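Here is a short tour of one protein chain and its ligand, set out for a quick read beside the viewer. Have the sequence and the 3D view open, and pick out each residue as it comes up.

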Amino acid sequence: MVKKSVFIVIEGLDGSGKTTQATLLAEKLSKSYDVLLTAEPSRGKIGTFIRECCLYEQTRLPTEAEALLFAADRIEHMQTELKPALDQGKLVICDRYVYSSLAYQGSAGLSLDWIKTINARALQPDFCVFIDVPPEKVIERLQRKRSVMETLETQQKVREVYLKYVEKGELVRVNGDRDKQAVAEELHVKVKELLGKAQKFNP
Ligand code: TYD
């Protein structure tokens with residue numbers, strides 16, 4: 001079992017299959033690593049408040065308030081789960097992180113710099129992946145009750161921000177518009193490549 005802390009983030013639109021992919025990746029990597037699979041909004045107090053009181057309301061909160069709540073949840077998540085796991089040498093896979101705030105709250109009109117500022121204390125991930133599925137497809141897939149974020153227009157704008165970070169080389173794009181096993185395979189290969197490149201993960 002490899003004991004080297006690694007922090008991987010999986011990003012994507014709602015309904016892009018990122019949670020399934022994060023789970024499949026965790027299963028594969030747990031053969032060699034001690035893995036923690038977690039998500040934001042977290043299961044902590046602030047994350048629970050966000051899920052229960054903000055996401056399924058008639059209207060969105062003021063975007064600044066959304067961004068601050070997600071940033072506050074991130075701090076709590078970091079202190080209670082992410083940091084302790086990384087300190088124990090675990091490989092952490094987090095379903096959504098700071099890029100979700102940049103993409104969702106940024107595309108709703110907030111300055112990306114301000115979002116970065118309020119997230120300045122968040123731990124830096126080692127690798128961030130964007131599971132890319134066309135917005136029309138994700139909206140079609142979302143049969144359940146949709147949250148305030150899940151309109152076609154919002155998802156289109158969110159994807160544009162994610163793609164900017166792909167262009168900058170901060171996010172690695174994986175084509176998510178395929179059979180889930182094919183996506184999982186590509187994701188696994190990319191993560192293994194990335195793990196292999198960084199010497200500290202190659203004892
Ligand atoms: P989601 O991953 O869909 O959670 P679940 O699958 O458990 O419902 O996240 C919920 C919503 O929160 C999603 O629409 C994206 C949004 N979100 C933001 O707008 N900003 C953020 O920083 C985060 C973490 C999530």
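Let us begin in strand 2, which spans residues 35-39 and holds threonine 38. Please keep in mind that this model is predicted. Threonine 38 has a relative accessible area of 8%, which is under 20%, so the residue counts as buried. From there, the points below move through the backbone, the ligand site and several residues elsewhere in the chain.

**Threonine 38 and its partner**

- The side chain of threonine 38 is in polar contact with the side chain of histidine 77, at 2.7 Å.
- For a view across the chain, compare threonine 38 with arginine 60: 22 residues separate them in sequence, and their C-alpha atoms are 25 Å apart.

**The loop after strand 2**

- Proline 41 belongs to the loop that runs between strand 2 and helix 2, the latter covering residues 45-53.
- The peptide bond leading from glutamate 40 into proline 41 is cis, and its omega is near -5°.
- As background, most peptide bonds are trans.
- Glycine 44 is also placed in the loop between strand 2 and helix 2.
- With a relative accessibility of 21%, glycine 44 falls between the 20% and 50% limits and is therefore partly exposed.
- Glycine 44 and aspartate 14 are 30 residues apart along the chain, and their C-alpha atoms are 21 Å from each other.

**The ligand and its surroundings**

- Where does the ligand sit? Its place is the largest pocket.
- The ligand has 14 residues around it, and those that come nearest are Asp14, Arg51, Arg96, Ser101 and Gln105.
- Aspartate 14 brings a polar side-chain atom to 2.7 Å from an oxygen atom of the ligand.
- In the side chain of lysine 18, an N or O atom is 3.1 Å from an oxygen atom of the ligand.
- Glutamine 105 places a polar side-chain atom 2.9 Å from a nitrogen atom of the ligand.
- The ligand taken alone would expose 550 Å², and the protein buries 88% of that area.
- By residue type, the shell around the ligand is made up of six charged, five nonpolar and three polar residues.
- Which helix gives the most to this shell? That is helix 4, with four residues.
- Helix 3 (63-87) and helix 4 (98-107) each contribute at least two residues to the shell.

**Arginine 96**

- Arginine 96, one of the residues that come nearest to the ligand, is located in the loop between strand 3 (91-95) and helix 4.
- Its phi is near 80°, a positive value in a residue other than glycine.
- For context, most residues other than glycine have a negative phi.
- Is arginine 96 buried or exposed? Its relative accessible area is 10%, which is under 20%, so arginine 96 is buried.

**Helix 3 and the loops on either side of helix 3 and helix 5**- Arginine 60 lies in the loop between helix 2 and helix 3.
- Arginine 60 has a relative accessible area of 27%, between the 20% and 50% limits, so this residue is partly exposed.
- Glutamine 79 is part of helix 3.
- With a relative accessible area of 59%, which is over 50%, glutamine 79 counts as exposed.
- The C-alpha atoms of glutamine 79 and alanine 122 are separated by 9.7 Å, although their positions lie 43 residues apart along the chain as a sequence separation.
- Asparagine 119 is in the loop that connects helix 5 (112-118) and strand 4 (127-132).
- Asparagine 119 is buried because its relative accessible area, 7%, is under 20%.
- The side chain of asparagine 119 makes a polar contact of 2.8 Å with the side chain of arginine 74.

**Helix 8**

- Glutamate 186 is found in helix 8, which covers residues 180-197.
- At a relative accessible area of 22%, between the 20% and 50% limits, glutamate 186 is therefore partly exposed.
- Glutamate 186 and glycine 176 are 10 residues apart in sequence, with 9.6 Å from C-alpha to C-alpha.

Technical notes. Residues are numbered from 1 along each chain as its sequence is written. This is a predicted model: local features need pLDDT of at least 70, side-chain atom pairs count only at pLDDT 80 or more; totals for chains, interfaces and linings use all residues. Side-chain values use heavy atoms; hydrogens and water are left out. A residue is near a molecule or strand if one of its heavy atoms lies within 4 Å of it. A polar contact is a pair of N or O atoms within 3.5 Å; within protein, one must be able to donate a hydrogen and the other to accept it, and residues adjacent in sequence count only if both atoms are side-chain atoms. Accessible areas come from the Shrake-Rupley method with a 1.4 Å probe; for residues, only the protein chains shown count as cover. On a 1 Å grid over the protein atoms alone, a cavity is a set of points where a 1.4 Å probe fits but cannot get out, and a pocket is an open set with protein on both sides within 12 Å along at least five of seven lines; lining residues have an atom within 4 Å of a point. A molecule sits in a cavity or pocket if more than half of its atoms lie within 2 Å of its grid points. Ala, Val, Leu, Ile, Met, Phe, Trp, Tyr, Cys and Pro count as nonpolar, Asp, Glu, Lys and Arg as charged, and the others, Gly among them, as polar. Buried means under 20% relative accessible area, exposed over 50%, partly exposed in between (1.4 Å probe, protein chains only).
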